[in-house]
Amino acid sequence: MGTDAIGTRHFEIFLTMVMSRSLTDAADTLGLTVAAVSKSLKVLERETGLELFRHIGGRLTATAEAERLVPYAQRAVDHLARARRAAEALRGGEVDQLVIGVSGPAVVSLVPTAVAGFRRERPDVHIDLSVASTLGLVARVVAGEVDLGIGTPPVVDIDAREVDLCEVRDLCETTLCAVLPEGHRLTSRAVLRPADLAAEPLIGLPETSATTRLVATQFHQARITPNVVARVENAVGACALVRAGIGVALVNPLVLARPVFPGVVARMFRPRVELRTCLYVSRARRPTPAIAGFVDALEAAAADAVASIVQLGI
């Protein structure tokens, strides 16, 4: 590439253009001339070999290729923003930022409590939270995009080489539970089994989820085909659909460790399915005092959440 090789600024302009109604709007937002925005987009198209925008109805419209490029461009821009903040902090003598990646029920149970406890000890540290799937979470830890990852254990779809580059620690163990809307006929039972749910509409997690695979094993052994009517990214979404009366969900009870879902009822599920919530840390980085402090806060939050689950009887 020559002097016009792609830089982060090209991606910043590209992202602004995707969100704008016209070249003029993008230029106004960026404080640039229309000619400068147009030139940057042409450079990006030439260097990537992609047609990113087309004239449709008198305006530039993002192509399908542009839409697929958006998350990668956003990642590049986020890296730059983080580097700038780190440089500012270094000029002040200390890096005062943590980027935490989280997937699954920990986003409503462990992380808020951990952040609150950590902030009491380290109010000077800025915390960025990023929600992702476990698959994306491990990759982001390895790439150094997040300082810590909190999620479920690795599944077979994750590159084993990436897992090897992470230190994986167990934060807590819980047991799968069934979540039903209040007033459901099965709430009269203390324990639910696959046979009890044979005729029920079920809300599932992604096919790649470790929980999905464990649940599928139990139903297969019971010779029952689960009636999955919807799939959502995580247990938080599953509980939201349960509350709306869409069906029953089998999830990690961590999602119920805090009273954020009124209108749902949890029951024990058997056979017993053990679930783990893990902490991912890159082996390539030395833990800073801030990272070590947040890990301590997470472990305390995990112990507190498990105690709450025990009190709920699930």
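In this predicted model, five strands are arranged as an open sheet whose order is S4-S3-S5-S13-S6, and the pairing within it is mixed. Strand S4 (126-131) and strand S6 (166-175) occupy the edges, and because each has a single partner strand, one side of each is left without a neighbour in the sheet. From one strand to the next, the twist averages 20 degrees.

At the S4 edge, the pairing can be followed residue by residue. Strand S3 (residues 97-102) runs parallel to S4, and six bridges join the two; within this pair, Val102 of S3 stands opposite Val131 in S4. Strands of a sheet pair in general through backbone hydrogen bonds, either parallel or antiparallel.

Two helices can be placed against these strands. Helix H5 (residues 110-121) lies across S3, S4, strand S5 (148-151), S6 and strand S13 (274-282), and its direction makes an angle of about 170 degrees with S4. Helix H10 (residues 289-312) likewise lies across S3, S4, S5, S6 and S13, but for this helix the angle given is to S6, at about 15 degrees.

Another helix packing involves helix H1 (residues 8-19) and helix H3 (residues 34-48), whose axes come within 9 Å and cross at roughly 110 degrees. The two helices are therefore roughly perpendicular to each other, since a crossing angle of 65 to 115 degrees counts as such. On the H1 side the contact is made by His10, Phe11, Ile13, Phe14 and Met17, and on the H3 side by Val37, Ser40, Leu41, Val43 and Leu44. By character, the residues of this contact divide into eight nonpolar and two polar, with no charged residue among them.

Terms used:
Residues numbered from 1 in each chain as written. Predicted model: local features only at pLDDT ≥ 70, side-chain atom pairs only at ≥ 80, totals over all residues. Heavy atoms only, no water. Axes fitted to C-alpha atoms, helices over the stretch in contact; angles between N-to-C directions. Helix = DSSP H or I, 4+ residues; strand = E, 2+ residues; numbered from the N terminus. Parallel < 35°, antiparallel > 145°, perpendicular 65-115°, else oblique. Contact = heavy atoms within 4.5 Å. Nonpolar A, V, L, I, M, F, W, Y, C, P; charged D, E, K, R; others polar. Pairing = 2+ DSSP bridges.
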